[in-house]
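Please report on this structure. Cover the fold of one chain, its contact with a partner chain, and a single residue.

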Amino acid sequence: MDIDEHDHVIEVTDLRRVYGGGFEAVRGISFHVKHGEIFALLGTNGAGKTSTVELLEGLAAPASGRVRVLGHDPHAEREAVRPRTGVMLQEGGFPSELTVAETARMWAGCVSGARPPRDVLALVGLERRGGVRVKQLSGGERRRLDLALALLGDPEVLFLDEPTTGLDAEGRQDTWELVSALRDAGTTVLLTTHYLEEAEGLADRLAILHEGRIAAAGTPAEVTAAQPSRISFELPAGYFLGDLPPLAELGVCGHETTGRVVRLRTRALQRTATELLLWARHAGVELSGLDARSASLEEAFLGIAREAAAPRDKEHAA
Amino acid sequence: MNDTGATAATAAPAAARARGARTTATGRMAALARAELTLFVRTRSTLVSAVFVPLALPFSVQSVTDRMKTADAGLTTGLIVLPAAVGFSLLFAVYSTLVGVFVARREQLVLKRLRTGEARDAEILVGAAVPAVVTGLVPSLLLAAACTALLDLPAPHAPQLAVAGLLLGLVLAVALAAVTSAFTRTAESAQVTAIPLVLASMMGSGVMVPLELLPDGVARFCALLPLTPVITLVRGGWTGQLSGAEALRALALALAWTAAAGFAVRRWFRWDPRR
C-alpha cells in the first residue's frame with residue numbers, strides 16, 4: 001500500500017501559494033483527509049478554496065509546503081496520481097460544439113479503466129442528452145456533465161470545486177445523494193462550497209478558509225460547538241436594554257442592538273432563554289420577533305468573518 | 001439520477017480499477033485528435049481558410065512569377081508553385097488555424113480541464129494540432145503530385161531534404177502557433193495576431209517570391225526568418241541544387257527555430273484564460 005500508515009488519502013502541510021503578482025492566496029494551511037471521508041473546504045469568495053484545490057489536483061506546484069495525494073506529490077508524480085483521481089473544476093471546460101456523447105468519449109480516451117460513457121451519463125441523469133451540443137445544455141446540465149466525466153475512471157479520490165453551484169434545489173439534492181453514495185462505496189471526496197447547508201449536511205469534516213488561512217476545522221458539530229447560540233427580539237416600547245436583568249447574569253457573552261432589535265450571544269442557550277422569558281412574564285411584556293437558535297455553521301462562518309474584521313477596525317481607529 | 005442508479009454504478013469501483021487498462025500517450029492523443037477533428041469539420045470558416053486558401057493561392061503566385069524573370073534564377077513554374085503550396089499550407093492550414101484553436105480551447109477552459117487528467121501537456125497540444133497538421137500535409141502532397149503531373153515538375157533529386165523540410169516546417173508551425181496563442185486574448189483576435197508571421201513569411205521566406213530575386217541585403221536578412229530554411233529545403237530537395245553546406249545550414253537553422261519555439265512554448269504558453 002502506498003497510502004501511509006494513518007490512512008490519510010490527502011495530506012497538506014504548511015501549504016502556500018503565491019501568484020505572479022505577489023498575491024499570497026494560500027498562507028500556510030495544513031489538514032488531512034482520511035480514506036472514505038467527505039471533506040469540505042468552506043469560505044467566502046477569495047478565501048483561497050480554489051487556489052488550494054488546484055494544488056491538490058496537481059495543476060500547479062505550491063510556493064512552499066507539501067501536498068500528498070495517495071502518498072504522492074500530485075504535481076511532480078502525476079503519473080502515479082492522475083489515474084486514481086477525478087476532478088471537477090469550478091467552471092467546466094468543454095468545447096461548445098461537441099455533443100455530450102462526443103465529449104464523454106473524448107474524456108474516456110484519456111482515462112485509465114474508463115467505464116462506458118453511457119453509464120456515467122445515466123448516473124447524473126444525462127442519458128437522454130447524448131446527442132445535444134454542450135453549448136445547448138443548461139448551466140445545471142453542464143455541471144452534471146462535468147461531474148459525470150470526473151467519475152469516468154471510478155476515481156479513488158474525487159475533487160469537486162463548487163459542484164452544486166448553478167444547480168436547482170432538486171439537482172443539488174441529487175448531487176448530494178450521488179456524492180454520499182460514492183463516499184459509502186469508499187471514495188474519498190474533497191469538495192469546496194459556499195453553501196453552508198451543503199457542508200453541514202454532506203461533509204464528515206470541514207475547514208473554513210479565511211484569507212488563505214484555516215480559521216476553523218473539525219466535524220460540523222465541533223466547528224459549530226465552538227460558537228455561541230443566539231437570541232434576538234424586539235424591545236417593547238418604553239423599555240431599554242438597561243431594564244433587562246444584568247446580561248452577565250443571563251449568561252450572555254456578547255450583544256448588539258440595532259434600533260429596538262436586541263441580539264444576544266450565549267453559550268448557555270437554555271439558561272439565557274429561561275431567564276429572559278421569566279423576566280418578560282414578570283414585567284408583563286411581549287417580546288415580539290423572538291428568535292432563539294443554537295449555533296449553526298452559518299453562525300460559525302459569520303463569527304469568523306466578524307473576528308477577522310475586528311482587529312482591522314481597531315487598526316483603522318488607531 | 002436516482003438511488004438505485006447511484007448504488008449500482010458505484011458498487012464495484014475497486015474491481016473496475018483492477019481490471020482497467022492504463023491509457024497510453026498514443027491512445028490519449030488519438031482521443032483528443034478525434035474530438036478536435038469533429039470540431040474542425042464543424043467550424044466552416046476554419047475549414048475554408050485551412051483547405052481552400054493553401055490550394056488556391058499557389059496558382060495566383062504562379063501568375064505573378066510568370067511575369068518575373070524566374071527562368072533567370074533557374075526556376076520553373078512547378079518549382080515556384082510547389083514550395084508556395086507548402087508554405088501556404090504551413091501558414092494557413094497549420095499556423096493560423098492552430099492559433100485560433102489553442103486560444104479557443106484555452107478560453108473555453110478546455111485546456112485547463114484536460115490538464116487535470118492523465119494527458120500530459122505535450123499530448124494535449126499535439127492532440128489538438130493533429131487535424132490542422134493533416135490538412136496542412138494532405139494538400140501539400142496532392143499539389144506535389146499535381147505539379148509533377150501537370151507542370152512538368154521533375155521527381156525530386158534529394159527527397160530526404162524535402163521531407164525533412166516539410167516535417168520540420170510542420171513542427172515549427174505548431175510550436176509557433178502555440179507561442180502566438182500566448183499573446184492572443186480571444187479567438188477573434190487570433191486572426192490578427194497571426195498576420196505578422198504570415199505576411200513576413202509570404203514575402204520574405206521564399207513562399208511567394210524566391211529569395212534569389214530579392215536584393216542581396218534583404219535576402220540575407222530574410223534567410224534568417226523561421227520558415228525560410230523550410231522552404232529552402234523543400235525547393236532544394238526538388239532541384240538538388242542545394243550544396244551539402246547549404247543543406248546543413250538550412251537544417252541547422254530550422255532546428256534552431258524549432259528549439260527556440262519549443263522553449264518559448266514552455267516559457268509562455270498559457271493554459272488558463274487571464275481573469
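What follows is a short report on chain A, its contact with chain B, and one glutamate.

The model is predicted.

**Chain A overall**

Chain A carries 10 helices and 13 strands. Along the principal axes, its C-alpha atoms fill a box of roughly 75 × 45 × 40 Å. The chain has 318 residues, and 45% of them count as buried. Sequence-distant pairs figure in the contacts too. Take the contacts in chain A between residues at least 6 apart in sequence: 69% of these join residues at least 24 apart.

**The contact with chain B**

Chain A puts 36 residues into the contact, and chain B puts in 36 residues. On the chain A side, three helices each give two or more residues, and they are tabulated here.

| Helix of chain A | Residues |
|---|---|
| H3 | 100-108 |
| H4 | 117-123 |
| H6 | 169-184 |

Which element gives the most to this side of chain A? H6(A) does, with five residues. By residue class, the side of chain A that touches chain B divides into 17 nonpolar, nine polar and 10 charged residues.

**A:Glu222**

A:Glu222 sits in helix H8 of chain A, which spans residues 220-225. Why does A:Glu222 count as partly exposed? Because 13 other C-beta atoms lie within 10 Å of A:Glu222, and a residue is exposed at 12 or fewer but buried at 20 or more. A:Leu160 is 62 residues away from A:Glu222 along the chain. The C-alpha atoms of A:Glu222 and A:Leu160 are separated by 23 Å.

Terms used
Residues are numbered from 1 along each chain as its sequence is written. Chains are lettered from A and ligands numbered from 1 in the order in which they are written. This is a predicted model: local features need pLDDT of at least 70, side-chain atom pairs count only at pLDDT 80 or more; totals for chains, interfaces and linings use all residues. Helices (H or I, at least four residues) and strands (E, at least two) are DSSP runs, numbered from the N terminus. Two residues are in contact if their C-beta atoms, placed from the backbone, lie within 7 Å. Ala, Val, Leu, Ile, Met, Phe, Trp, Tyr, Cys and Pro count as nonpolar, Asp, Glu, Lys and Arg as charged, and the others, Gly among them, as polar.
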